[in-house]
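Trainee: I'd like to get the vocabulary straight while we look at a structure together. Can we go through it term by term?

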Amino acid sequence: MLIRPAGTGDELGVATVHVRSWQAAYRGLLPDAYLDGLRPEDRAAGYNFGTSDPERIRPIVAVDGDTVRGFAAFGPSRDNTDGTDGELYAIYVHPGHWGGGYGRALITEARRLLAQRYQQAILWVLVGNDQARRFYLADGWADEGTRRTDEMFGVTVDETRFRRTLR
């Protein structure tokens with residue numbers, strides 16, 4: 001396994017991980033019709049990992065050879081506009097590789113990179129996603145109890161915020 005920045009050519013691999021993990025992890029939490037309608041090709045069309053714009057989110061990927069097994073995206077907190085906190089925006093592993101160490105490797109590297117700029121980070125977890133809650137708690141994140149209703153790709157969701165000290 002190799003963890004590296006996402007680059008040109010990774011778009012479909014990242015989109016496939018994103019879609020398949022949503023379809024597995026969010027079944028019962030999001031409408032089945034919505035999940036069944038997700039297509040990696042549609043999601044990949046919105047990605048551009050070849051940009052040199054430092055303001056764009058550039059995820060990291062976990063790969064075996066040329067195959068993307070998982071990804072994480074992170075940057076400045078969208079909740080704290082003074083720039084003091086980072087945020088883990090997303091971390092997903094293809095469900096066929098859950099439990100294979102990809103998630104642990106991705107979150108470890110994401111925390112390391114966030115710690116270069118921030119002392120703390122937040123993330124938002126879909127309410128009812130117990131598997132994700134256990135994963136983050138095991139990695140030292142704490143549920144703050146702050147809740148919000150948000151829209152993700154056209155679907156309204158309830159989320160709870162986690163926080164972790166990075167350094």
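**How the labels are earned**

Mentor: Sure, and let's start with a pair of strands: β6 and β7 run antiparallel and share 8 bridges. Keep in mind that this is a predicted model, where local features need pLDDT of at least 70, side-chain atom pairs count only at pLDDT 80 or more, and totals for chains, interfaces and linings use all residues. Residues are numbered from 1 along each chain as its sequence is written, and side-chain values use heavy atoms, with hydrogens and water left out.

Trainee: What makes β6 and β7 a pair?

Mentor: Two strands pair if DSSP finds at least two bridges between them, and β6 and β7 have 8. Strands themselves are DSSP runs of E with at least two residues, while helices are runs of H or I with at least four, numbered from the N terminus. In one of the matched positions, arginine 148 sits opposite glutamate 159 of β7.

Trainee: Which partner does leucine 123 have in β7?

Mentor: That's phenylalanine 162. Strands β5 (residues 120-126) and β7 (residues 155-165) are antiparallel too, with 7 bridges.

Trainee: Why are β1 and β6 said to stand at the edges?

Mentor: Look at the order first: the open sheet has 7 strands, β1-β2-β3-β4-β5-β7-β6, with mixed pairing. β1 (2-5) and β6 each have a single partner strand, so one side of each lacks a neighbour in the sheet.

Trainee: Why is tyrosine 102 called buried?

Mentor: Buried means under 20% relative accessible area, exposed over 50%, and partly exposed in between (1.4 Å probe, protein chains only). Tyrosine 102 has 10% relative accessibility, so it counts as buried. This tyrosine belongs to helix α4 (residues 102-115).

Trainee: What joins the side chains of tyrosine 102 and aspartate 64?

Mentor: A polar contact of 2.3 Å. The term needs a pair of N or O atoms within 3.5 Å; within protein, one must be able to donate a hydrogen and the other to accept it, and residues adjacent in sequence count only if both atoms are side-chain atoms. Beyond its neighbours within four places in sequence, tyrosine 102 also has plain contacts (heavy atoms within 4.5 Å), with Met1, Ala62 and Arg69 among them.

Trainee: How do you know what span to expect for helix α1 (residues 11-25)?

Mentor: Take 1.5 Å times one less than the number of residues. Helix α1 has 15 residues and spans 21 Å from first C-alpha to last, close to the expected 21 Å. Its buried residues include Val14, His18 and Trp22.
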